[in-house]
Amino acid sequence: MSSGNKNVAQMKPGEVGIIAGFTDEQLSVKLLEMGCLPGAAIRFNFTAPLGDPVCISVLDYELSLRLDEAATISILN
Amino acid sequence: MSASQRLKIAFVGNPNSGKSSLFNHFTGLNQKIGNFPGVTIEKRVGHSTLKEGLVAEVIDLPGIYSLYPRSLDERIVSEILLDHKSESCPDKIIVVADATNLKRSLLLLTQVIDIGLPTVLALNMMDLVAKAGISYDINALSVQLGVPVVPINARKGTGLEDLKKVISGPLHIPTKNIFEVYPEARGAVKMVRDQLQLDNDYEAYHILQQPKALGFLSTQQQQFIESVAEQHNCFPGKFQGAETIHRYTFIQGLLDKVTLKASNKSWKQYNSALDKILVHKIWGYLIFFTILFLIFQAIFAWATVPMDFIDGMFASLSNNLSEVLPGGPLARLLTEGVIPGIGGIIIFVPQIAILFACIAVLEESGYMARVVFLMDKIMRKFGLNGKSVVPLMSGVACAIPAIMATRTIDNWKERTITIFVTPLMSCSARLPVFTILIALIVPDQQAFGFFNLQGLTLMGLYLLGFGAAMVSALVMKYIIKANERSYLLMELPTYRWPRWSNVGLHIVEKTKAFVFEAGKVIIAISILLWGLASYGPGEKFRNAREHVLQESANLRLTEQGLEDRISAYKLENSFAGVIGKTIEPVIKPLGFDWKIGIALITSFAAREVFVGTMATIYSIGSTDDQTTIKVRMKDETNPETGGPRFTPAVGFSLLVFYTFALQCMSTIAVVYRETKGWKWPMIQLAYMSVLAYLSAFTVFQILS
């Protein structure tokens, strides 16, 4: 695995990235439906107080997902 | 015109798209909530006058993001839309889209268009989009999509007349296909389409990809489709991702053409002042627990007035009727069985209504999604899901609507565990039992200066139930095996003021669920129990009056006292009494005698019956007055020890028993329907009975 492949779970609050792809095929189908498209801008908003789940912005709305779900979205930034 | 020939319109849309608000505007109070056949997914159907002389049947389908279903309620939508031959297939579809989130809404719309049913797009929340400086060329949008587009504001109810006009006019089946079936799948699609005689390719394509998820297919058809799929190497989900991307590409191109004035989207820091506080490390939890506390406060403080009123009303109704009606078993069945049975249901309505009012406000405002967000990690440790919070909270009022609320949990294992542990939350039916027993054994004193001991005990019992629920969930987490993956993937909607009519409808829905689901069973059982307690075998029961007269000949009883004694004697020798005596050896280690045994039996179906049974057993007549019952219970002696029957040991043992036991037939019925089988309700009944017995046993043995 190349170290350049960052994923959403590693982002920090306020950080912005572009979705590059998915590492989990089964989950990618659901993420696509929720508007997480390759090439779309994604912003990491905040994590829940216990560090999981996290809140991101995509397509102008807020989506919450668990860290292990966020880890399947790889980003470019 | 019969109902089946009527114009049928379905509302389809994403969750939070305003679909239900629109539905409420369309139907007003002219709606009813039922269930889809075979499952307890709420089906909201109503009638709406579209124009003079044209009444349509409208149905509000569960919110979905795509026609590929994730959870049970999403599957219902796919089934209804894909089965064109079914009677429940709508004639026309209104897709409700959140204009602030148009891309995602259009994904669903394009799928619905390809399904080949006449469709209209209702573009909701255009006001919010306009505020952001964006507007859409509605005409161009309509031309590009090939379906009529009507901008509306579902919250205010504007644009509805236009929508009604369009939907009642002639609509064509969309001719444009937005997505063409992939060449690799075409052969298979054709075979499925020809065999099942379907209307279009996309319908066949869906059936080909998810035959197992569609209940309307016969086993034979499923086998056929599976063999076709295997032959052509079309395994489920193969093309789904590619299809979604294809659709979004189309949507992006479309939006580029129809977006009139894009605001300069400054992609700045997420800026919601409310979220900064409400999901804050400390404030977030503090606020959540304060809200919880206030809700419980509201349930206990506000509900007493209407509850006392209902109680008094039914008691006087019973009394008045028994005076007016001629005697005889039928009149007694009515005044002693049916009316108290109905009263026993209605009395819980205030508490349930208040709790669901609070929950509806939290859900409507968008706060509930934050609670799920806050609690997900903690709940997951116990094998639950953040979404389990709502059922568990609702369980404090009544397990029945609470268990129905679990259907928002996609994951089977998490849902099953939530259903399994929800009845351990202390519901409102336990409260009267708790109140009287606590008043009996716990002194009304202050501890540490300001805590009332009785209040502390009551709180302890609620925490005990909650603790047992969490521990049981943890155990289940390791016992149940499941390969299905657990998702969260939940939208955090923008905060907004609740729409009060939606809150009102929510209350009505949930209360109805309780009254009718629980009601049926409680009434049936209270009639049965009345029979068991009013009839008995043998001579002793028949000649109860003579026996009592003989025994108490030199006691100089008043007439009322004599009557009370006779009913106590009758109960002792009735079927219920006989059963109570039979089980005495089993419950003796818990500190219970046969009289308590009778109460355990009568409260098997509905635990709140305990208080009424106590009143009858201790021959104080048909009173529900707590003080009278309390005083009498206090005087009851244990013939073996000569001391009082209700010692602290017995009292706590009973309290713990009632905290854990599944004494609610309606819960069993609802779990049966929700899990579609007897397996889970039976496991649950066995588990909770054993837990109640062993805990009560331990408590009694330690304390005595």
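In this predicted model, strand β5 of chain B, residues 92-98, is mostly covered, with six of its seven residues buried. Strand β5(B) has partners to pair with. One of them is strand β1 of chain B (residues 8-13), which runs parallel to β5(B) and is joined to it over five bridges. Within this pairing, B:Phe11 has B:Ile94 of β5(B) as its bridge partner. Another partner is strand β6 of chain B (residues 119-124), again in the parallel sense, this time over six bridges. Here B:Ile94 stands opposite B:Val120 of β6(B), and B:Ala97 stands opposite B:Leu123 of β6(B). A reader following B:Ile94 on the screen will thus meet B:Phe11 of β1(B) as well as B:Val120 of β6(B).

Strand β6(B) is mostly covered too, and six of its six residues are buried. It helps to recall a general rule at this point. In a regular strand, side chains alternate between the two faces of the sheet. Which residues of β6(B) are buried on each of its two faces? On one side they are B:Thr119, B:Leu121 and B:Leu123, and on the other B:Val120, B:Ala122 and B:Asn124, so that both faces of the strand are covered.

These strands belong to a chain of 704 residues, of which 45% count as buried. The secondary structure of chain B comes to 32 helices and ten strands. Taken along the principal axes, its C-alpha atoms fill a box of roughly 100 × 60 × 55 Å. Among the contacts of chain B with a separation of 6 or more, 72% are between residues 24 or more positions apart.

A helix of chain B offers a friendly exercise in checking a length. Helix α12(B) covers residues 283-324, which makes 42 residues; at 1.5 Å a residue it should span 62 Å, and its end C-alpha atoms are 60 Å apart, in agreement with that expectation. There is nevertheless a kink of about 45 degrees in α12(B), located at B:Thr304, shortly before the proline B:Pro306. The buried residues of this helix include B:Gly284, B:Ile295, B:Ile299 and B:Ala303. Another general rule is useful when looking at such positions. An α-helix has 3.6 residues a turn, so residues three or four places apart point the same way. What covers the buried residues of α12(B)? The covering elements include three helices of chain B, namely α11 (273-278), α14 (349-365) and α15 (367-381).

Just beyond helix α15 of chain B comes a residue worth a look of its own. B:Lys387 lies in the loop between α15 and α16 (389-394) of chain B. Is B:Lys387 buried or exposed? It has 26 C-beta neighbours inside 10 Å and therefore counts as buried, given that 20 or more are enough for a residue to be called buried. Leaving aside residues up to four places away in sequence, B:Lys387 touches B:Val372, B:Thr408 and B:Ile409. The C-alpha atoms of B:Lys387 and B:Asp376 are separated by 7.3 Å, with these positions eleven residues apart along the chain.

Chain A comes next. Its secondary structure comes to two helices and six strands, arranged from the N terminus in the order β-β-α-β-β-β-α-β. A compact globule of 77 residues would have a radius of gyration near 11 Å, and because chain A has 11 Å, the two agree. Along the principal axes, the C-alpha trace of chain A spans about 30 × 30 × 20 Å. Of its 77 residues, 45% count as buried. For contacts in chain A between residues at least 6 apart in sequence, 54% join residues at least 24 apart.

How do the two chains meet? In all, 31 residues of chain A are in contact with 33 residues of chain B. On the side of chain A that touches chain B, at least two residues each come from α1 (25-33), β3 (41-47), β4 (54-58) and β5 (61-65) of chain A. The most is given by α1(A), with six residues. By type, the residues on this side of chain A divide into 16 nonpolar, seven polar and eight charged. Strand pairing also crosses from one chain to the other: β5(A) pairs with strand β10 of chain B (residues 490-491) in the antiparallel sense, over two bridges. In this pairing, B:Glu491 of β10(B) is the bridge partner of A:Leu63.

Notes: Residues are numbered from 1 along each chain as its sequence is written. Chains are lettered from A and ligands numbered from 1 in the order in which they are written. This is a predicted model: local features need pLDDT of at least 70, side-chain atom pairs count only at pLDDT 80 or more; totals for chains, interfaces and linings use all residues. Helices (H or I, at least four residues) and strands (E, at least two) are DSSP runs, numbered from the N terminus. The radius of gyration is taken over C-alpha atoms; the globule rule is 2.2 Å times the number of residues to the power 0.38. A residue is buried if 20 or more other C-beta atoms lie within 10 Å of its own, exposed if 12 or fewer, and partly exposed in between; C-beta atoms are placed from the backbone. Two residues are in contact if their C-beta atoms, placed from the backbone, lie within 7 Å. Ala, Val, Leu, Ile, Met, Phe, Trp, Tyr, Cys and Pro count as nonpolar, Asp, Glu, Lys and Arg as charged, and the others, Gly among them, as polar. Two strands pair if DSSP finds at least two bridges between them. The expected span of a helix is 1.5 Å times one less than its number of residues. The bend at a residue is the angle between axes fitted to the seven residues ending there and the seven starting there.
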